[in-house]
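These are my notebook entries on a few positions I looked up. I took them one at a time and recorded what I found.

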Amino acid sequence: MAERRKTIVSTVLLAVAAGCFLVGAGVTVTDVAMRALFGRNVPAAIELTSYSIGLGALLSIPVCYATRTHVSAKLMSELMPGRLSRPLGLLGAAASAVFAALLLWIVAANALSKIGSPETTPDLRLPMPLLLIIVTAALAAAAVAALVGLWLEFKGRGTGE
């Protein structure tokens, strides 16, 4: 049941992330085409592209942490796979959990300091506190997923990659 739930959450997060990447790519292509054909650009194209691709990347992070599929160096574990895979897997998972927790703490503190602020983005006029809350939620999911990855590695069920 837990494995099925993890698969559903991962699939939803990756689908939304893919949608964000498609929106960013679509805005960019539309902007370039409009500039070439009509001499006009898509209003706020750079900001919209930046936010959509950035959100897509943020939503991908929890999946990578939970499934232990993020990029890691395998130089030492390749030398002695029987001896070094587990300790290096644990070290990598622990470092991931610490990094995710620190990143969450920094961004959450910033988000809390901005609550109630009238600050908005330059082009789209989106409220900065709302954007920071969305980023904080994505990083909270990443921190939880990093802890899941650490737990799975500790239990010997991590991929060790």
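Entry 1, Val-148. I looked up the accessibility of Val-148 and obtained a relative value of 32%. I therefore recorded Val-148 as partly exposed, since that class runs between the 20% and 50% limits. The model I am reading is a predicted one. I placed Val-148 in helix α5. I then looked across the chain and noted Tyr-65, which is 83 residues from Val-148 in sequence. The C-alpha atoms of Val-148 and Tyr-65 are 7.9 Å apart.

Entry 2, Leu-139. I next turned to Leu-139, which is also in helix α5. Is Leu-139 buried or exposed? I found a relative accessibility of 5% and entered Leu-139 as buried, because buried means under 20%. Setting aside neighbours within four places in sequence, I listed the contacts of Leu-139 as Leu-58, Leu-103, Leu-104 and Val-107. For Leu-104 I also noted the backbone separation: its C-alpha atom is 5.4 Å from that of Leu-139, with the two positions 35 residues apart in numbering.

Entry 3, aromatic rings. I searched for paired rings and counted one aromatic pair. The pair consists of Trp-151 and Phe-154, with ring centres 6.1 Å apart. Their planes meet at 35°, so I classed the pair as tilted; stacked would have required planes under 30 degrees apart. Trp-151 and Phe-154 both belong to helix α5, which spans residues 128-154. They are three residues apart there, about one helical turn. I recorded Trp-151 as partly exposed, at 47% relative accessible area.

Entry 4, Ala-95. I located Ala-95 in helix α4, residues 81-114. Its relative accessibility is 43%, and I entered Ala-95 as partly exposed. I also checked Ala-95 against Leu-150, which is 55 residues away in sequence. From C-alpha to C-alpha, Ala-95 and Leu-150 are 9.1 Å apart.

Entry 5, cysteines. How many disulfides does a search of the whole structure find? I recorded zero. I then looked up the accessibility of two cysteines. Cys-20 is buried, at 10% relative accessibility. Cys-64 has a relative accessible area of 29%, and I entered Cys-64 as partly exposed.

Notes:
Residues are numbered from 1 along each chain as its sequence is written. This is a predicted model: local features need pLDDT of at least 70, side-chain atom pairs count only at pLDDT 80 or more; totals for chains, interfaces and linings use all residues. Side-chain values use heavy atoms; hydrogens and water are left out. Buried means under 20% relative accessible area, exposed over 50%, partly exposed in between (1.4 Å probe, protein chains only). Rings of Phe, Tyr and Trp (its six-membered ring) pair if their centres lie within 6.5 Å; planes under 30 degrees apart count as stacked, over 60 as edge-to-face and the rest as tilted. A disulfide is a pair of cysteine sulfur atoms within 2.5 Å. Contact means heavy atoms within 4.5 Å.
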